[in-house]
Amino acid sequence: MICVITGACGFGKVCAMSGGTVRPIRYLGDPVLRTSCDPVRAFDDRLAKLVDDMFASMYNAEGVGLAANQIGVSQQVFVYDCEDDEGVRHVGHLVNPVLVTEDGGIVAGEEGCLSVPGLHFTTPRHAHAVVTGVDRHGEPVTVEGTGHFARCLQHECHHLRGGVYLDVLTGDSRRAALRAVRSASWS
Ligand SMILES: [Zn+2]
């Protein structure tokens, strides 16, 4: 999603859509992306600011989802602004998420990641996912997704366990992906 309000996005700038501050995205190779994130225990202003900054950083980078470790914070939080296959837009955040259901069969679809910029690979994911967790106030939340949004939920939960979507690939597509990462300008 491109910011149409100010057009003034960039690192350190305040995002008019979220009120947060844009932080730099960490790229594959940064150890924070390979570290399992810690559960959030304090539901305070700092957490609220983190969520706002994550939205700002996601919008600035034109992503549909972002995990906290992608901006260098090793805490179990992700945000999303993602359409499902029916064109329904889902916007929200989850703290201490648990992927409780992955089912509905495996679907191969194109996937990308802000931490693996410029690359996209066909990735198998379950067609349906349910994630439970809490919001920034500590109130229970359940989020259910299908299609592209289910893919997003699985992708973000995987980040918080220290994974990236390339881990899901196998065989030739995995080899092609690793080759592309090696020759990418940011790696
Ligand atoms: Zn990602």
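Which residues are buried in α1? The model in which this can be examined is a predicted one, and before turning to that helix it helps to set out the overall architecture. The protein has three helices and five strands, and, read from the beginning of the sequence to its end, these follow the pattern α-β-β-β-β-β-α-α. The C-alpha atoms fill a box of roughly 45 × 35 × 30 Å along the principal axes. For 187 residues a compact globule would have a radius of gyration near 16 Å, and because the protein has 16 Å, the model agrees with that expectation. Of the 187 residues, 36% count as buried, and among contacts between residues at least 6 apart in sequence, 64% join residues at least 24 apart.

The opening question can now be taken up. In α1, the buried residues are Leu47, Leu50, Val51, Asp53, Met54, Phe55, Ala56, Ser57, Met58, Tyr59 and Asn60, and what covers them includes the strands β1, β2 and β3. The helix itself has 16 residues and reaches 22 Å from its first C-alpha to its last, close to the 22 Å expected at 1.5 Å a residue. Just after α1, Glu62 takes a positive phi of about 60°.

The strands that follow form a sheet. All five are arranged as an open sheet in the order β1-β2-β3-β4-β5, with antiparallel pairing. Because β1 and β5 (140-146) stand at the edges and each has a single partner strand, one side of each is left without a neighbour in the sheet. Neighbouring strands are turned against each other by 30° on average, when direction is ignored.

Within this sheet, the pairing of β3 with β4 is antiparallel and extends over 13 bridges. A reader who wishes to follow the register of these strands can start from Val98, whose bridge partner in β4 is Thr132, and then go on to Thr101, which stands opposite Val130 in β4. On the next boundary, seven bridges join β4 to β5, and these strands also run antiparallel; here Val131 stands opposite Val143 in β5. The connection between β4 and β5 is a hairpin with five residues between the strands, and in its turn Gly138 has a positive phi of about 90°.

Another helix, α2, packs on the sheet and touches β1, β2, β3, β4 and β5, its direction making about 80° with that of β4. This helix is mostly covered, since 13 of its 14 residues are buried. At 1.5 Å a residue, those 14 residues should span 20 Å, and because the end C-alpha atoms of α2 are 21 Å apart, the helix agrees with the expected length. After α2 comes Gly162, whose phi is positive, near 85°.

How do the helices and the sheet contribute to the interior? The largest nonpolar core has 37 residues, and those that touch the most other members are Met54, Phe55, Ala68, Val77, Phe78 and Val79. The elements giving two or more residues to this core are α1 (45-60), β1 (65-67), β2 (77-83), β3 (89-112), β4 (120-134) and α2 (147-160), and the largest share, eight residues, comes from α1. Phe78 offers a convenient place from which to look around: leaving out residues up to four places away in sequence, Phe78 touches Gly65, Leu66, Ala67, Ala68, His93, Leu94, Pro97, Glu156, His159 and Leu160.

A last stop is the loop between β1 and β2, where Val73 is found. Is this residue buried or exposed? With 18 C-beta neighbours inside 10 Å, Val73 counts as partly exposed, because a residue needs 20 or more such neighbours to be buried and 12 or fewer to be exposed. Leaving aside neighbours within four places in sequence, Val73 is in contact with Leu50 and Ala68; of these, Leu50 is among the buried residues of α1, and Ala68 is one of the core residues that touch the most other members. The C-alpha atoms of Val73 and Pro24, which lie 49 residues apart along the chain, are separated by 11 Å.

Methods
Residues are numbered from 1 along each chain as its sequence is written. This is a predicted model: local features need pLDDT of at least 70, side-chain atom pairs count only at pLDDT 80 or more; totals for chains, interfaces and linings use all residues. Helices (H or I, at least four residues) and strands (E, at least two) are DSSP runs, numbered from the N terminus. The radius of gyration is taken over C-alpha atoms; the globule rule is 2.2 Å times the number of residues to the power 0.38. Two residues are in contact if their C-beta atoms, placed from the backbone, lie within 7 Å. A nonpolar core is a set of buried Ala, Val, Leu, Ile, Met, Phe, Trp, Tyr and Cys residues joined through C-beta atoms within 7 Å. Two strands pair if DSSP finds at least two bridges between them. Axes are lines fitted to C-alpha atoms, for helices over the stretch in contact, and angles run from 0 to 180 degrees between N-to-C directions. The expected span of a helix is 1.5 Å times one less than its number of residues.
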